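Here are my notes for your read-through. Please keep the model open beside them and check each point as you go.

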Amino acid sequence: MAGIGPISQDWEPVVIRKKAPTAAARKDEKAVNAARRAGAEIETIKKSTGGSNKAASSSTSLNTRKLDEETENLSHDRVPTELKKAIMQARQDKKLTQAQLAQLINEKPQVIQEYESGKAIPNQQIIGKLERALGAKLRGKK
């Protein structure tokens with residue numbers, strides 16, 4: 001061991017640090033109070049609609065005026081009277097109830113009831129099923 005100097009460490013010290021707080025953590029009440037105690041500068045900004053339940057554009061706007069001036073009547077198409085009567089007639093000719101017809105076409109009885117009362121929005125697939133089950137042409141010219 002002669003000729004060898006004193007034994008020393010070649011290592012660098014390892015420092016483990018926590019990562020910096022995220023934006024949400026910096027806004028946390030605990031973090032703000034800790035910063036106040038430490039004497040750090042704290043910037044507070046009052047938002048214009050902060051703490052209120054109002055939308056940013058709560059005043060009457062261009063869109064609101066356009067909606068008020070709108071005169072077009074927008075509504076869904078309903079089952080025409082001819083189709084209602086044709087479905088009822090064909091069902092009664094086959095001596096079926098609404099529930100039985102609904103079961104034949106794999107739909108709920110409420111669907112048949114809506115079609116016969118005229119409240120349903122016409123669906124071509126359902127009308128096609130009704131035509132096959134009743135053996136009658138319901139759409140188009142007779």
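1. Start with arginine 91. Leaving out residues up to four places away in sequence, Arg91 touches Leu96, Thr97, Gln98, Leu101, Glu116 and Leu134. Keep in mind that this is a predicted model.

2. Where does arginine 91 sit? Its place is in helix α4. Is arginine 91 buried or exposed? Its relative accessible area is 10%. The cut-off for buried is under 20%, so arginine 91 counts as buried.

3. Turn next to leucine 101, one of the residues that Arg91 touches. Neighbours within four places in sequence are again set aside. On that basis, Leu101 is in contact with Arg91, Leu96, Ile112, Leu130, Ala133 and Leu134. Leu96 and Leu134 appear among the contacts of Leu101, and Arg91 touches both of them too.

4. Leu101 also belongs to the largest nonpolar core, which has 19 residues. Which members touch the most other members? They are Leu101, Tyr115, Leu130 and Leu138. One of these, Leu130, is also a contact of Leu101.

5. Which elements give two or more residues to this core? They are α4 (81-93), α5 (98-104), α6 (109-117) and α7 (124-134). The most comes from α7, which gives five residues.

6. Look at how α4 packs on α6. The angle is about 125°, and the axes are 7 Å apart. That angle makes α4 oblique to α6.

7. Now the residues of that contact. From α4 come Lys84, Ile87, Met88 and Arg91. They meet Tyr115, Glu116 and Ser117 in α6. By type, the residues divide into three nonpolar, one polar and three charged. Arg91 is in this contact, and Glu116 is one of the residues it touches. Tyr115 takes part as well, and it is among the core members that touch the most others.

8. Check two loop residues for backbone geometry. Lysine 95 lies in the loop between α4 and α5. Its phi is near 55°, a positive value in a residue other than glycine. Lysine 95 has a relative accessible area of 72%. The cut-off for exposed is over 50%, so lysine 95 is exposed.

9. The second is asparagine 106, found in the loop between α5 and α6. Here phi is near 60°, again a positive value in a residue other than glycine. Asparagine 106 is exposed, with a relative accessible area of 68%.

Terms used. Residues numbered from 1 in each chain as written. Predicted model: local features only at pLDDT ≥ 70, side-chain atom pairs only at ≥ 80, totals over all residues. Heavy atoms only, no water. Core = buried A, V, L, I, M, F, W, Y, C linked by side-chain atoms within 4.5 Å. Buried < 20%, exposed > 50% of the residue type's maximum accessible area, 1.4 Å probe, protein only. Helix = DSSP H or I, 4+ residues; strand = E, 2+ residues; numbered from the N terminus. Contact = heavy atoms within 4.5 Å. Axes fitted to C-alpha atoms, helices over the stretch in contact; angles between N-to-C directions. Parallel < 35°, antiparallel > 145°, perpendicular 65-115°, else oblique. Nonpolar A, V, L, I, M, F, W, Y, C, P; charged D, E, K, R; others polar.
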